[in-house]
Amino acid sequence: MTADSLQQAADSLAGAPVVLAVTGAGISAESGIPTFRGSGGLWNGFRAEELATPQAFAANPDRVWSWYRWRQQLCAQSNPNEAHHALVTLEQRCPDFLLATQNVDGLHPRAGSRALIELHGCIDKSRCTKCGQVRELALEGDPIPHCPECGAMARPHILWFGETYWPGIIEDAVAHAQRAHVAIVIGTSGRVWPPIAIALKAQECGATLIEINPERSELTEHADIWLQGSASEWLPALVSASS
Ligand code: OAD
């Protein structure tokens, strides 16, 4: 990352009336939450097909719930970092801002992000497998929660592999992307395509596409500006340089 690329990114962001941010697990890495891929990533130590599919839940709900309960504890013990806070600062000064996150860790809302779409759900919520009611999931509650209305077993309110996005969720993000002047993509490998397609839609409609990531991702070749480095280092620097 050079000072030139930071300045170029800051110039695009300064005064941009419509801004889109897309985040992935990398933004929470410095809060102590493991990413999914790469060394130390969750999908190296665990098999996604045994934990994050509807079939896995049907076959063994105890195993799936115990893994999500473990992650819920980990997220509860972690705190938002400077990068999460920088996005809140950006939201507060930008007239039309949207953050579309792939993360389920809840650190964006805890930092204070309000213009937020949690594309893949939230670790602090459960959903009834029968009536579909989504509820807050207390940390100390029943390890396998049941719906207080209909008594059916609840599942984590997480988008699993093989499932389709909830109705309207991608469309809302794309509608924002189409008017965005700047799109910033932070800490994602880009291996899950729909969130990346949202950012590319913004670029196709005229936005400058900025990526923050220490490593090359599926998006890097498309980015107008790649700020190569960690989110907690470069996001606060970008927000500050563009104020
Ligand atoms: P990945 O684990 O695939 O990618 C994490 C990215 O973060 C990598 O590109 C890293 O280089 C980058 N990274 C690591 N440390 C960073 C730091 N300090 N600052 C900035 N970037 C850093 O995670 P995602 O792309 O979020 O889906 O994964 C996408 C989806 O795949 C997840 O939402 C999850 C997973 O399966 C579901 O659970 C539905």
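In this predicted model, the centres of domain 1 and domain 2, taken over C-alpha atoms, are separated by 26 Å. The domain assignment splits the chain discontinuously: domain 1 is made of 3-32, 80-120 and 165-241, while domain 2 takes 34-77 and 122-158.

The interface of the two domains can be described first by its residues. On the side of domain 1, 14 residues are in contact with domain 2, and domain 2 contributes 14 residues in return. The size of an interface is often given as the accessible area lost when the parts come together. Here domain 1 and domain 2 bury about 1,100 Å² between them, and carbon and sulfur atoms account for 60% of that area. Within the share that domain 1 buries against domain 2, A25, V104 and W166 supply 41%, more than any other three residues.

Polar interactions across this interface are the next point. The rule finds zero salt bridges between domain 1 and domain 2. Polar contact, counted where both residues have pLDDT 80 or more, links two residue pairs across the two domains. On the side of domain 1 that touches domain 2, at least two residues come from α2 (26-29) and at least two from α8 (107-111). By class, that side of domain 1 holds six nonpolar residues, four polar residues and four charged residues. Zero salt bridges are thus found across an interface to which domain 1 brings four charged residues.

The ligand is the remaining part of the picture. There are 22 residues around the ligand, and F36, R37, T188, S189 and N213 come nearest. Two of these nearest residues, R37 and N213, place polar side-chain atoms by ligand oxygen atoms. For R37 the distance from such a side-chain atom to an oxygen atom of the ligand is 2.6 Å; for N213 the corresponding distance is 2.7 Å. A25 approaches the ligand through its backbone instead, with an N or O atom 2.8 Å from a ligand oxygen. A25 is also one of the three residues named above for the area that domain 1 buries against domain 2.

Conventions:
Residues numbered from 1 in each chain as written. Predicted model: local features only at pLDDT ≥ 70, side-chain atom pairs only at ≥ 80, totals over all residues. Heavy atoms only, no water. Domains from an automatic or database assignment. Contact = heavy atoms within 4.5 Å. Buried area = accessible area lost by both parts, 1.4 Å probe. Salt bridge = Lys/Arg side-chain N within 4 Å of Asp/Glu carboxyl O. Polar contact = N/O pair within 3.5 Å; in protein donor to acceptor, adjacent residues only side chain to side chain. Helix = DSSP H or I, 4+ residues; strand = E, 2+ residues; numbered from the N terminus. Nonpolar A, V, L, I, M, F, W, Y, C, P; charged D, E, K, R; others polar. Near = heavy atom within 4 Å.
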